[in-house]
Amino acid sequence: MSRTIRLVLVDATGRTLGALPDFDVPVPWWQDTVAVVAGARAAYGVEVTVLRVLAGQRGRPPGGHVSYLAEAAGPVGVPLLPAEAVEPAAHPLRVPYAQPGGPAASLAWAAAQLDRWGRPATAVTQERTWNLSAIWRLDGPHGIAWLKQVPVFFRHEAAVLRLLADDPATPTLLAAADEGRMLLDHVPGEDRYGADAAERAAIAAAHHALQVRTTPTVDRLIAAGVPDQRGVALARWLRATLAPHPAADPLLAGLEARLDEVARCGLPDTLVHGDLHPGNVRADESRHTIIDWGDSFVGHPAFDILRLTEQLPAEPAAALVADWCARWRADVPGCRPERAVTLLRSVAWLRMAAVYAMFLAGIEPSERIYHDKDVPENLARAAAEPV
């Protein structure tokens, strides 16, 4: 599957210039900008920075015809097609990196930070942009760094990485600043999308050790801004966030009693990654590194093993959960992890529905196309779990 790209160009002031003729790129993922920038350069000799998606013909990613707003770097030397002027004033929910001049300001900040580290960047690549993050690769003679910028609901990621600075299973934070900016050291290896059960077992074991280490620090994490989703706080957040979605009402019945029973299972609350699928793990021959901590919260550790085993067949998934339970029983004698997992299966889907509802409430309308089906899909998964 490929994308057909339409780029509506603006200048640094936000003035609409026109649109490039459509061109195709082979990468289907809407948030991927490498192919889009390279395609505009190859087809028309125009240097652009992608700001945000405007519309997607298919109604949801991936693939299909997608139009973006892009900032042109200097004069455009090719004829442009007429394009309707894009509203220049910033939407109140628009992230800074989706506005003209925003990426340039963030890159200037990152360059200054790298200069302080004595590792200047000589090449810059826009890797990704969408409502959840903007990612830039910064190459130089002293190695690779990454500029990551996130919206307000993910800004505790920097605090998490600071508190985990001595943990080899997490990325190194070089600097962080306002507007959700982070500068991260390069993590060798590749993202482990498609990891098999054996590799997921290794990820689960490493993550368990991290969770045990962070159990005594939950108060520090919450004080640093990490969301508190323990027991009553989780129930309150789920009810408030899912209130605009009536389909959630029957699924929330008895939630507090269920979470009380979870607490009686005896496992401690700890740092939870919140989105522990293999694509959020990078690995080389020496180690696995867990990345993208923006979804993290303080709560029950079972949420991560449930996420890690989601796409596995039943038998290997059950084996990984059994190993997870055995580790917790060894660390917390007398606890009942099997019962906790059973009780939290439907709650985990409810929590994912609430996460997407939070995204939808916190991003501007044109970007909601990425997530507008995620809430009902996750509510349906919650309803399908045995009570």
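## Tour of the helix pairs and some single residues

Helix α8 passes helix α11 in a left-handed crossing (left-handed if the near helix is turned anticlockwise from the far one by less than a right angle, right-handed if clockwise). The model is predicted: local features need pLDDT of at least 70, side-chain atom pairs count only at pLDDT 80 or more, and totals for chains, interfaces and linings use all residues. Residues are numbered from 1 along each chain as its sequence is written, and side-chain values use heavy atoms, with hydrogens and water left out.

**Stop: α8 and α11**

Select residues 255–264 for α8 and residues 337–362 for α11. Helices (H or I, at least four residues) and strands (E, at least two) are DSSP runs, numbered from the N terminus. Two packed helices are described by the angle between their axes and the distance between the axes. Here the axes come within 9 Å and cross at roughly 150°; axes are lines fitted to C-alpha atoms, for helices over the stretch in contact, and angles run from 0 to 180 degrees between N-to-C directions. α8 and α11 are therefore roughly antiparallel (under 35 degrees counts as roughly parallel, over 145 as roughly antiparallel, 65 to 115 as roughly perpendicular and the rest as oblique).

To display the contact (heavy atoms within 4.5 Å), show Leu255, Arg258, Leu259, Glu261 and Val262 on the α8 side. On the α11 side, show Arg339, Thr342, Leu343, Leu344, Ser346 and Val347. By class, this contact holds 6 nonpolar, 2 polar and 3 charged residues. Ala, Val, Leu, Ile, Met, Phe, Trp, Tyr, Cys and Pro count as nonpolar, Asp, Glu, Lys and Arg as charged, and the others, Gly among them, as polar.

**Stop: α11 and α12**

Keep α11 and add α12, residues 374–384. The axes of α11 and α12 come within 8 Å and cross at roughly 170°, which makes α11 roughly antiparallel to α12. From α11, the residues to show are Ser346, Trp349, Leu350, Met352, Ala353, Tyr356, Ala357 and Leu360. They meet Asp374, Val375, Asn378, Leu379, Arg381 and Ala382 in α12. The contact divides into 10 nonpolar, 2 polar and 2 charged residues. Ser346 appears in the contact with α8 and also in the contact with α12.

**Stop: α4 and α10**

Select residues 197–214 (α4) and residues 314–331 (α10). The two axes come within 10 Å and cross at roughly 25°, so α4 and α10 are roughly parallel. Their crossing is right-handed. In α4, the residues in contact are Ala197, Arg200, Ala201, Ala204, Ala205, His208, Gln211 and Val212. Their partners in α10 are Pro316, Leu320, Arg327, Trp328 and Asp331. By class there are 8 nonpolar, 2 polar and 3 charged residues in the contact of α4 with α10.

Stay on α10 and pick Glu315, which belongs to that helix. Glu315 counts as exposed, at 68% relative accessibility (buried means under 20% relative accessible area, exposed over 50%, partly exposed in between, with a 1.4 Å probe and protein chains only). A distance label between the C-alpha atoms of Glu315 and Ala197 should read 10.0 Å, although the two residues are 118 apart along the chain.

**Stop: β5 and the loop before it**

Select residues 64–72, strand β5, and find Ser67 in it. Ser67 has a relative accessible area of 9% and is therefore buried. Leaving aside residues up to four places away in sequence, Ser67 touches Arg6, Val53, Leu54 and Ala55.

Then move to Pro62, in the loop between β4 (48–56) and β5. The peptide bond joining Pro61 and Pro62 is cis, with omega about 5°.

**Stop: two positive phi angles**

Select Glu179, in the loop between β9 (173–176) and β10 (181–185). Glu179 is not a glycine, yet its phi is positive, about 60°. Its relative accessible area is 33%, which means that Glu179 is partly exposed.

Select Asp292, in the loop between β14 (288–290) and β15 (297–299). Asp292 also is not a glycine, and its phi is near 55°. At 23% relative accessibility, Asp292 is partly exposed.

**Stop: the whole chain**

Zoom out to the full model, with its 12 helices and 15 strands. The C-alpha trace spans about 70 × 50 × 40 Å along its principal axes. The radius of gyration is 22 Å, which agrees with the value near 21 Å for a compact globule of 387 residues. This radius is taken over C-alpha atoms, and the globule rule is 2.2 Å times the number of residues to the power 0.38. Colouring by accessibility will show the buried residues, 51% of the 387. Of the contacts with a separation of 6 or more, 69% join residues 24 or more positions apart.
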